[in-house]
Amino acid sequence: MWRMRRPLYLLALLAIAAVAGGVYVLSSIPLPPARVQAQTSFIVSADGSPLAELHAEEDRIDVPLDEVPQVLVDAVLSAEDKDFFSHRGVDPLGIARALWADLRNEGVRQGGSTITQQYVKNVYLTSERTFTRKIREAVLAVKIERELSKQQILERYLNIVYFGRGAYGVEAASHAFFGKPVRDIGLPEAAYLAGLIRGPESADATTHPDEARFRRGSVLEAMVANGFITRAEADEVDALPFDSYVLTRPETNRDTIIDPVGMGAEYYVDYVRRYLLDRYGAAVVYGGGLRVTTTFDPRMQQAAYDAVCGFLDQPEDPAGALVAVDDQGHVRAMVGGCDFARSQVNLAVGRDGGGTGRQPGSVFKAFVLAQAVREGYSVESSFLAPATVVIEGADAGNDWRVSNYDETEQGRLNLIEATEVSSNTVYAQLITTIPDGPEKVAALAERMGVRAPLDPVPSITLGTQEVSPLDMASAFSTLAGRGVHIEPVVVLQVTDAEGRVLEENRPQATRVLDESQADVVNEVLQRVVESGTGTGARIGRPVAGKTGTTEGYGDAWFVGYTPRLTAAVWMGYPESNERKMTDVRGRKVTGGSLPAEIWRRFMVVATEGIDTGSFPEVTTFRGQILNERLPDQGDESTTTTETTGPEESTTTSTDGSSTTTVPPGPGTTAPPPTPPPSTVPPSTSPPPTTAPPTTAPPTTTVTLPPSLPPISITFGSTTTQPPG
């Protein structure tokens, strides 16, 4: 020993230096920044019930340690690190035991790396297998143990460890494998999850049942050895078949839509998802742990789905779509289709849903009527309503030919009657009589809520341009709100993973029509439901609305509202604009038939137990009279027959060949409309919103422009046009 004194002295110095160096490393080298861990985002309905989980490759849901059952903690410690609460971050004996178990092929009794080392590897390092990385892992593990408590380390580990199926952390794993939150799992689930940690994809019971059984058995044996469970408990769990509690592996789990009762929520969720992606980007939506509260109402959605998909349930039936918006602008229900697995095109939102819009037909007459009232014209203004009118030069210099439905001649109608029976020829004259009518109607429709692009041409009055049910529900809700438009929203609030509010939507109200103007339009549209083309939508409450049917029966609509809820219904064949609804259940589909019936079915359920309000009564119709006197029609005699059904009134001429040319009517004088106040309270509780006043006619005397083209009226035309 005396002869070895110098080498021993040198070794002692080296050992002291090594210890000092280790102390220096541990005390002076800071922890590197932790990698940002992606978290699953959640979408919930207005009442807080879950709608969807959004995640990319990583499905992660953080939970506090006190929500993790003790049986799962015991299973994980038994499988991965039984001495976790006694070591200081690195366990040399544990590494030796793991190596010996591997050499003896004893399976997963305990891992070589401690839980702290695994946490360091997942959060601070990569998965490369090098000696340098292992040294860094050990050093950082010791440092972590000095900065965090054991409980903090265990909680963080359980929230980042990968279990397969894209699930990171015990909460996401519990949903992915068992369909329930982690707080509700027991010993069978705990043993299964703990067995997945060492190699998740190779132990999934759906694809590798033998390996899954071996892993589960190894965990149970370790739990018995550590005194966490009895032998009898282990044997009972080991005998359980996996299919009794483990869900079948899905084909994909990028987006998990929770629709337990089959109410077509997928289209609504997809629309919300597109909104979030556009606003926040994919990285935040699929990994930011967002909590998104929507305006979705499960009860109304169920009613909407049943009204559309429960009614249009025959193989050859057309498709249908429905959107419901309340008086706060909240989109409460949305049916964009009946089978999201077959088609992801959302028919309720047009281009925003991956498809196209559809022509609204005579539904658009409501905007022409509103503009006429806004101009100061009385709805008691009357026009001849022949079978066909030809307005020279109105169609980009060409003659514009417009026909009523089924060759009907309707005599003389004022605007109230013309709206009730949806007279095309009256509204063709009206849009060309209003100065700059097409431009003003397009602008008004946009302000009321139509977001589809509109071309200001005379045929806009017949609804020849594509819109969506969401557009129509939004725009008609402006009438329900007595002229105040509230922009529709599907998202109420968005918070991040830490609970910070990123977005909160409150009603954004803008006055578009004066209350008295909206009241007149509402009065006329109530009569459509009471005695016009929309009688099929009666629900025993105050209702206003408008039917619409496009040429050849390609599309059929009913858009109706109470003062507190508006709904738009569309029907048609989405695969082709050429396919017509001329024989659906033995009948031609008009807006007043099946769409009105669907609307009625929805509203009866949706408004049950709810005070839907009433419309102000309008007893007089003031304003300037348009076309009060027209040229004499000679000796033509007519017989008028009015029907009380949902279709249309008809007028039959005794002479089917005469033609009358009608020049523009003379200008008349009427008092201008009263401009609305600049500050407008919304229809319900939100604070007032200031909006620009409605534009009044430029002068008190309105003279029809002399350049208006003459109108050629043909009686007995063979052209047919569907009713509204």
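Colleague: Before we look at anything, what counts as a disulfide here?

Modeller: A disulfide is a pair of cysteine sulfur atoms within 2.5 Å. Keep in mind that this is a predicted model. In it, Cys309 and Cys338 make such a pair, with their sulfur atoms 2.0 Å apart.

Colleague: How many disulfides does the structure hold?

Modeller: Just one. Cys309 sits in the loop between helix 13 (298–308) and strand 8 (319–326), while Cys338 sits in the loop between strand 9 (331–335) and helix 14 (365–374), so the bond ties together parts that are 29 residues apart in sequence.

Colleague: And which hand does the disulfide have, left or right?

Modeller: For that you read the torsion about the S-S bond. Here the torsion is about -95°, so the disulfide of Cys309 and Cys338 is left-handed.

Colleague: Are those two cysteines buried or exposed?

Modeller: Buried means under 20% relative accessible area. Cys309 has 11% relative accessibility, so Cys309 counts as buried. Cys338 comes out at 38%, which makes it partly exposed.

Colleague: Okay, on to the inside. Which residues touch the most other members of the largest nonpolar core?

Modeller: That core has 126 residues, and the ones with the most contacts to other members are Phe367, Met472, Phe476 and Phe602. Take Met472: setting aside neighbours within four places in sequence, its contacts include Pro360, Phe364, Phe367, Val450 and Trp557. There is also a second, separate core of 57 residues, with Phe84, Tyr124, Leu154 and Ala205 among them.

Colleague: What about aromatic rings? How many pairs turn up in the whole structure?

Modeller: The search finds 15 aromatic pairs. To read one, look at the distance between ring centres and the angle between planes. For Phe242 and Tyr245 the centres are 6.4 Å apart and the planes are at 50°; planes under 30 degrees apart would be stacked and over 60 edge-to-face, so this pair is tilted. Both rings belong to buried residues: Phe242 has 8% relative accessibility and Tyr245 has 12%.

Colleague: Which residues do ring pairs link into a cluster with Phe242 and Tyr245?

Modeller: Phe177, Phe178 and Tyr192 are the other members of that cluster.

Colleague: One last thing: where do charges sit over rings?

Modeller: Here you look for a charged side-chain end above a ring face. Lys150 lies over the face of Phe84, 4.5 Å from the ring centre; that Phe84 is one of the residues of the second core. Another case is Arg579, whose charged end sits over the ring of Tyr573, 3.9 Å from its centre.

Conventions:
Residues numbered from 1 in each chain as written. Predicted model: local features only at pLDDT ≥ 70, side-chain atom pairs only at ≥ 80, totals over all residues. Heavy atoms only, no water. Helix = DSSP H or I, 4+ residues; strand = E, 2+ residues; numbered from the N terminus. Buried < 20%, exposed > 50% of the residue type's maximum accessible area, 1.4 Å probe, protein only. Core = buried A, V, L, I, M, F, W, Y, C linked by side-chain atoms within 4.5 Å. Contact = heavy atoms within 4.5 Å. Phe/Tyr/Trp six-rings, centres within 6.5 Å; stacked < 30°, edge-to-face > 60°. Lys NZ or Arg CZ within 6 Å of the ring centre and 35° of its normal.
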